[in-house]
Each structure stands twice: as structure tokens, then as C-alpha cells.
Amino acid sequence: MIQSLPSAAVLGARAFAALQGLNRFTDEPGKLTRLYLSPAHRQAAEWTKGAMEVAGLTAFVDAAGSVQGRREGPAPGGPCVMIGSHIDTVKDGGRFDGNLGVVAGILAAQALRDAGIVLPFALEVVAFGDEENVRFPTHLSTSCALAGDYDPAWLEARDAEGTRLADALVAFGGDPTGIAALARKPGSVKAYIELHIEQGPVLEVENEPVGIVTAINAQRRARVRVTGEAGHAGTVPMNLRRDAMTASAEMALALESIAAAHEQAVGTVGVFQVNPGATNVVPGAVEFTMDFRCPSNETLAAMDAAIRSRFGEIAARRGVALDITLYTNARAVPMDADLQDSLGAGVARAGGNHAARRLPSGAAHDAMAMAALCPAAMLFVRNEKGISHSPLENMTEADAGIAIRALLEAILELARREG
Ligand code: GLV
Ligand code: MN
Ligand code: MN
């Protein structure tokens, strides 16, 4: 017999309770830091696998460190609808970024099972492990593995301590040689849906609990190395210095002004390392990261050219050497139009026939990688003050519940469209 689905309020309460369980696992006590392949990631993966099993999914931790759960449809091994997000975090991150989407998928699977609803497709929930790309210079490596887009060079990438990704993966319990086999066959995933905190202020300003993502912005990331000449801070006259720090500072300001001059663009220097790093030494070398994004691929390419030209001019004028290594070059990714409409139908059913706000995403998501394999779409949840990548990240339980109820309704809409 088919029972009714839980209300939004019940789903919200369940989500917040589940997040408390999952977010006990951190690499830094007192903060939420869970980097790819860390001990806290392993513990969180085990917790997630257990929660999936309780929800009636057959679950395992895969070769790349993602947790995969599946409930079969009418034809064993047949195509699935996949609900996914990630359980890695930035350093000192928020409670919801990634984690909410995983918990939402698990709660949706559980609610469908408890209601006795039989879907015409398999249902999968996936908790990816490398969305933030904080520890290693990769790009969405765990979702790329499923999409069949894994770059084997990532296995040689090193973290700040010099650990190779492949070695960290083996220590985690993964298997570098098993990654290629994770690639799903075209057609085997009918749809990928990701529920995620907005990480921006638009829904709050417009008083909307949820929104549907139209596209994910293009993004480039690079490591920049500036080499000058170290010297004595008390004796080298200003006009004879080749200070790598002041040259790099000027470059960071140039990035800021280039981003401000391009439409809807952003640019960030998030890591800045000064060497040798002593009060009384003129800095000889600096390494910093650069992350810049915007909705248009063409605008991003123009920004890249402007950055290289301005940085080159600064380096030449200041007598320092410059090396820019681009390690992420992701094109803008439109979300699937039909799947956006299915989400729209789900939002309308969950919230009194209200048409959902549509908006682009400035943040990167695993849906970018999955869109190379299958139709992909995202549902955003209102974010208090738009603050994310911060311990202050927040949302209401009520909004989380509305979003999960809309996700459930969207899955049922896909089932209806199938029939
Ligand atoms: C991930 O959250 C990113 O957009 O950098
Ligand atoms: Mn995220
Ligand atoms: Mn994030």
C-alpha cells in the first residue's frame, strides 16, 4: 500500500538531525574541515554508507573515495536517476555545502521506500569526495570519475605536504587502478540532480526558499610563482630590491581590477605564501593561487589574456620572474532544460504552485562534471545572508524541508514522465 510522503517540516527536521550526525567528522576539532581522503573524510564516508543502508540502498565506498548507494528499479542493472553532492569541505567550512545534498538524497530514498513507492527506474545516491579541490590541484575528480572524464595526471598531484594523491587514495582504502572502471556508460544515468545551498544572497533578497539553476559559471584556476631576490631587510636600498612579495601584491590588485572590469566576473587570490617568510628578509619568492570565474567562456578567455599581460608588465618593471600554471579550465555548463522543468514541477507541487526562481551558479558543483554524462540540474536552497565557505553558513530547517520535498516531487515527476 502506498503511504503518504513526509511533510516538508518533517523532512527539514530529519535533515538537520542527520547533518548533526555527519558533521561530527572533522579534521580540525572545533571547526568543520574535511579534506579529500583525510581521516575525517573516511569516517564521514562510513557514516554516509550506513545512512544509505538504513534508507534501503545497497551502498559501498568506491575506488575514488565516493560513497555510492543504489536501489534497483524494475530491471536490475537498468538506468538510474542519481541524486548527488559532496561530503568534503573547505577548511573551516559551513555545515550545509555539499553535506545537505547528500543527506537530502538519502532522506528522499528513505521516504520513497517507506511510502512503498515503486519507481520505473533505479534510484542512486552518491556522496562525492573531491568537490572543493582544496587539498590537491584537481577539478571535481570524483564526479569526473563517474562521468568518465578522470584525468590520470591527477593521481600524481601532490598536497601541501608533498603527499601524492594516489598514495593518499591507497591509504584511504581506495584503488587508483579501479578508477577507470567507475565510468558510467552513456544512457545508464537518466538524470543527475543536486540539491545545494545557494552560496549567495539572491534567493534571500527575493524571498524565495528555493531556486533552480540555469547554468554553472566558467572557471579557471592557476598557481602563480613569482621569483625575485631575497636580501637583508635593513641593508638593501629600496631602488635595488626585487621584492617578490610587493610584485605579487600588485598582481593580486591587478586581478581584482580586471575582474571588476568584466561583466559578472569575480577574481580571488585565496592562498599566498611568502618565502622565506621572515620579518627581516626581503621576500625572494612568492606562490599564490588565482581563481577567476564568469558566466561567459569568451569573457573568461579575455580576462585570462588581460591577467597574463598585466602580470607580465608588473614582473618586467619589478625585475622578477613569473610562472603561471593553469590547472583548472572549466567551461560554463548549462543545466538540462527538461530536467529544470521537472524540478520546476516539483517545486510547484511542494510549495503551492509557485513558479521557482531560476538563477545561474557562481560556485562550481559536481553537476558540472556529471553534465558531461547525462542531463543534470540543481536545486538551490536559500542561504542566510548569502554567506558560504564559512562557519557562519546557515539556512532554516523549514527551507531545507521545502527543498527536499521538492526533490521528492521532482523524482515522482520524472517517474510520471517515464510512464
Ligand atoms: C566550490 O565550492 C567552488 O566553487 O570553488
Ligand atoms: Mn559545494
Ligand atoms: Mn564549496
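Which residues coordinate the manganese ion (ligand 2)? Here are some notes to help you find your way around this predicted model.

1. **The manganese ion, ligand 2.** Three residues hold this ion: His86 and His196, each through NE2, and Asp97 through OD. The coordinating distances run from 2.1 to 2.3 Å. If you follow the chain, the donor residues are spaced H-x10-D-x98-H. Two of these donors sit 11 residues apart: His86 belongs to strand 3 (residues 80-86), while Asp97 is in the loop between strand 3 and helix 3 (99-114).

2. **The manganese ion, ligand 3.** Now look at the other ion. Ligand 3 is coordinated by Asp97 (OD), by Glu132, which is listed twice through OE, and by His389 (NE2), at 2.1 to 2.6 Å. Along the chain, these donors follow the spacing D-x34-E-x256-H. Asp97 comes from the loop between strand 3 and helix 3, and Glu132 from the loop between strand 4 (122-128) and helix 4 (141-147), so this pair ties together parts that are 35 residues apart in sequence.

3. **The bridge.** Asp97 is a good residue to click on, as this residue bridges ligand 2 and ligand 3. The two manganese ions lie 3.5 Å apart.

4. **Ligand 1 and its surroundings.** Next, turn to ligand 1. Around this ligand you will find Glu131, Glu132, Arg221, Arg293, Ala363, Ala364 and His389. By type, the shell divides into 4 charged, 2 nonpolar and 1 polar residue. Two of the names should look familiar: Glu132 and His389 are also among the donors of the manganese ion (ligand 3). The space that ligand 1 takes is the largest pocket.

5. **Contacts to the oxygen atoms of ligand 1.** Where does the protein reach the oxygen atoms of this ligand? Glu132 places a polar side-chain atom 3.1 Å from an oxygen atom of ligand 1. Arg221 does so too, with a polar side-chain atom 2.9 Å from an oxygen atom of the ligand. Ala364 uses its backbone instead, with an N or O atom 2.7 Å from an oxygen atom of ligand 1. Taken alone, the ligand exposes 200 Å², and the protein buries 96% of that.

6. **Two backbone details.** Most residues other than glycine have a negative phi, and most peptide bonds are trans. Asn133 departs from the first pattern: this residue is not a glycine, yet its phi is positive, about 55°. You can find Asn133 in the loop between strand 4 and helix 4, which is also where Glu132 lies. For the second pattern, look at the peptide bond from Asn275 to Pro276, which is cis with omega near 5°. Pro276 is part of the loop between strand 10 (272-275) and strand 11 (281-282).

Definitions and conventions. Residues numbered from 1 in each chain as written. Chains lettered and ligands numbered in written order. Predicted model: local features only at pLDDT ≥ 70, side-chain atom pairs only at ≥ 80, totals over all residues. Heavy atoms only, no water. Near = heavy atom within 4 Å. Polar contact = N/O pair within 3.5 Å; in protein donor to acceptor, adjacent residues only side chain to side chain. Areas by Shrake-Rupley, 256 points an atom, 1.4 Å probe, with all protein chains shown as cover. 1 Å grid on protein atoms, 1.4 Å probe; cavity = no way out; pocket = protein on both sides within 12 Å on 5 of 7 lines; lining within 4 Å. Sits in = over half its atoms within 2 Å of the grid points. Nonpolar A, V, L, I, M, F, W, Y, C, P; charged D, E, K, R; others polar. Donors = N, O, S within 2.8 Å, 3.2 Å for Na, K, Ca; no water. Helix = DSSP H or I, 4+ residues; strand = E, 2+ residues; numbered from the N terminus.
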